[in-house]
Amino acid sequence: MSVLSVQDLVLHRDFAAAFPELSMPWTAETAPDPALLVLNEPLAAELGLDPAALRTPDGVRLLIGNTVPPGATPVAQAYAGHQFGGYSPRLGDGRALLLGEITAVDGTRRDLHLKGSGRTPFSRGGDGRAVVGPMLREYVVSEAMHALGIPTTRSLAVVATGRAVQREEVLPGAVLTRVASSHLRVGSFQYARGTGDVALLRRLADAAIRRHHPAAADADNPYLALFEAVRDVQASLIARWMLVGFVHGVMNTDNMTLSGETIDYGPCAFLDAFDPTASFSSIDTGGRYAYRNQPVIAEWNLARFAESLLPLIDDDADAAVERAVASLGVFRERYSVAWSAGVRAKLGLAGALPEGATAPVVDELFRSLEQSRVDHTRFFRRLSGAVRGDAEPVRELFVDLAGFDAWLERWRALNPDPELMDRTNPAYIPRNHLVEEALDAATGGDLGPLGPLLDAVTRPFDERPGLERYAAPAPAEFSAGFRTFCGT
Ligand code: AMP
Ligand code: MG
């Protein structure tokens with residue numbers, strides 16, 4: 001089924017209708033000269049949208065909310081959030097809009113959302129706009145994450161607006177069309193709690209249960225069960241980030257979803273040389289959101305989520321706190337189980353071996369990766385070769401060869417499965433220097449480098465001749481000074 005005209009597209013107004021308290025009806029700013037930079041055809045097909053129709057002038061206007069299907073009500077959503085630990089009671093969509101919900105071909109509801117669509121009542125000092133580089137960064141990285149099997153919001157399109165946007169320099173404006181299983185965040189619950197309206201908080205929790213964690217409805221305490229379901233999807237998500245070397249960069253509570261999808265790709269980046277303290281964001285000066293801190297920060301954010309749910313968890317405030325604390329206490333174990341299972345798969349050690357046999361091998365490996373500053377992705381991808389009889393490519397990554405050889409011997413004695421490793425360890429991730437190269441070119445009007453980059457990272461496990469440079473680490477001069485910016 002394909003949608004051929006804007007008139008045919010059905011956009012529901014589930015959120016806008018159910019939560020007027022959290023919805024500001026609003027209209028996207030009109031783009032002077034919209035031009036489609038990239039369209040995600042497979043995602044369009046999942047949504048039942050015809051890519052050819054989306055490429056027409058009418059379709060492009062639809063993608064940026066300049067034409068709205070009849071019956072739809074685009075809204076700016078209200079939410080609160082802790083940003084770098086400090087609480088803002090009223091953040092909200094200052095440069096974004098929820099166009100509405102779409103029923104995908106598989107029957108699930110997805111949010112159709114815009115980023116960079118102009119000022120809203122939540123904009124404070126901001127201009128509500130976004131520029132080409134950061135919107136393409138979100139497109140590339142979110143689609144790479146999806147291809148890596150990591151839960152994430154998706155990117156349907158990036159459209160250049162034709163407007164010059166004032167930043168440190170003047171840059172071309174753009175709008176990202178984002179698709180998500182919802183935009184409910186920890187910050188949405190903090191906001192609802194802050195209104196003091198417990199009935200609103202309950203309705204919001206009920207909506208989250210229905211949409212994301214329906215099994216919680218049958219629990220003795222559905223709201224505690226909701227908390228635990230979110231705890232578990234987040235434990236699993238953060239473990240996936242750690243295993244692939246992803247640094248989100250801005251894990252504020254407004255950037256943590258109830259669905260367990262990764263959201264808001266701002267100053268994110270992937271590890272190259274393995275370094276637990278890696279932190280790329282120019283605004284994260286204290287390293288709060290550094291690579292190794294991500295599990296603890298997720299736990300901290302979940303504590304804020306639990307606080308916002310307290311009135312629903314138990315009428316007795318002390319009892320509510322006690323139950324929430326006990327549930328939160330399980331996060332570390334959930335995370336550690338998910339991470340251990342993941343690292344064993346990366347090392348080709350599925351199932352059979354007891355944890356005690358692999359833990360020392362794993363610990364020693366990470367110590368030597370750090371010591372030799374080995375490229376995280378390249379190491380795991382090359383390691384399977386050592387089972388197949390060619391250890392040289394992975395050996396050459398180490399400085400302390402005698403140490404690594406001893407490790408190899410112990411690991412090989414565990415009988416690793418190289419096929420499992422090749423299905424688990426990507427050859428291609430969106431490497432920071434290649435992403436920057438593609439974004440810089442696109443900002444200057446050249447979309448040339450974007451296509452091959454997307455091609456590599458959206459089939460990350462399928463190593464192909466001709467794509468060698470997409471598997472190679474950045475030159476050391478690049479990595480040394482690499483910083484990401486929370487581009488708006
Ligand atoms: P984010 O960095 O996308 O998580 O956004 C944090 C908050 O800042 C949200 O409330 C955004 O809507 C707001 N914000 C970010 N950039 C802009 C902008 N250019 N104009 C207005 N609000 C913005
Ligand atoms: Mg955000």
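**Figure 1. The shell around ligand 1 in the predicted model.** In this view, 18 residues surround ligand 1. Those that come nearest are Gly 92, Gly 94, Arg 95, Gly 128 and Asp 264. By class, the shell divides into two nonpolar, eight polar and eight charged residues. Domain 1 spans 6-180 and domain 2 spans 186-339. Both domains give residues to the shell, so ligand 1 lies between them.

**Figure 2. Polar atoms that face ligand 1.** Gly 94 uses its backbone: a polar atom there is 2.6 Å from an oxygen atom of ligand 1. Arg 124 uses its side chain, with a polar atom 3.2 Å from an oxygen atom of the ligand. Asp 127 also presents a polar side-chain atom, here 3.2 Å from a nitrogen atom of ligand 1. On its own, ligand 1 has 480 Å² of accessible area, and the protein covers 87% of this.

**Figure 3. The magnesium ion, ligand 2, and its protein donors.** Which residues coordinate the magnesium ion? They are Asn 255, through OD1, and Asp 264, through OD. The distances run from 1.9 to 2.2 Å. Both of these residues are buried. Each sits in the loop between β10 and β11: Asn 255 is found there, and so is Asp 264. The flanking strands are β10 at 246-247 and β11 at 269-270.

**Figure 4. Asn 255 close up.** This residue belongs to the loop between β10 and β11. Its relative accessible area is 10%, so Asn 255 is buried. A polar atom of its side chain lies 3.0 Å from the backbone oxygen of Val 250. The OD1 atom of Asn 255 coordinates the magnesium ion.

**Figure 5. Asp 264 close up.** Asp 264 is among the residues that come nearest to ligand 1, and Asp 264 also coordinates the magnesium ion. Is this residue buried or exposed? It counts as buried because its relative accessibility is 15%, below the 20% cut-off. Its phi is near 65°, a positive value in a residue other than glycine. Most residues other than glycine have a negative phi.

**Figure 6. Asn 415, a second residue with positive phi.** Phi of Asn 415 is near 65°, and the residue is not glycine. Where does Asn 415 lie? It is in the loop between α15 (401-412) and α16 (418-424). Its relative accessible area of 66% makes Asn 415 exposed, since exposed means over 50%. By contrast, Asp 264 is buried.

**Figure 7. Gly 128 beside ligand 1.** Gly 128 is one of the residues that come nearest to ligand 1. The glycine is placed in the loop between β7 (109-115) and α5 (132-147). Gly 128 is buried, with 5% relative accessible area. From Gly 128 to Asp 272, the C-alpha separation is 33 Å. In sequence, these two residues are 144 residues apart.

**Figure 8. Met 242 in helix α8.** Helix α8 covers residues 222-244 and includes Met 242. Met 242 is buried, at 7% relative accessible area. Its C-alpha is 31 Å from that of Arg 129. The sequence separation of this pair is 113 residues.

**Figure 9. Asp 405 in helix α15.** Asp 405 lies in this helix, which runs over 401-412. At 27% relative accessibility, Asp 405 counts as partly exposed. Arg 395 is 10 residues away in sequence. The C-alpha atoms of Asp 405 and Arg 395 are 7.8 Å apart.

**Figure 10. Leu 447 and Val 38.** How many residues separate Leu 447 and Val 38 in sequence? They are 409 residues apart, with 9.1 Å from C-alpha to C-alpha. Leu 447 occupies the loop between α17 (432-443) and α18 (450-457). Leu 447 is partly exposed, with a relative accessible area of 34%.

How values were computed. Residues numbered from 1 in each chain as written. Chains lettered and ligands numbered in written order. Predicted model: local features only at pLDDT ≥ 70, side-chain atom pairs only at ≥ 80, totals over all residues. Heavy atoms only, no water. Near = heavy atom within 4 Å. Polar contact = N/O pair within 3.5 Å; in protein donor to acceptor, adjacent residues only side chain to side chain. Areas by Shrake-Rupley, 256 points an atom, 1.4 Å probe, with all protein chains shown as cover. Nonpolar A, V, L, I, M, F, W, Y, C, P; charged D, E, K, R; others polar. Domains from an automatic or database assignment. Donors = N, O, S within 2.8 Å, 3.2 Å for Na, K, Ca; no water. Buried < 20%, exposed > 50% of the residue type's maximum accessible area, 1.4 Å probe, protein only. Helix = DSSP H or I, 4+ residues; strand = E, 2+ residues; numbered from the N terminus.
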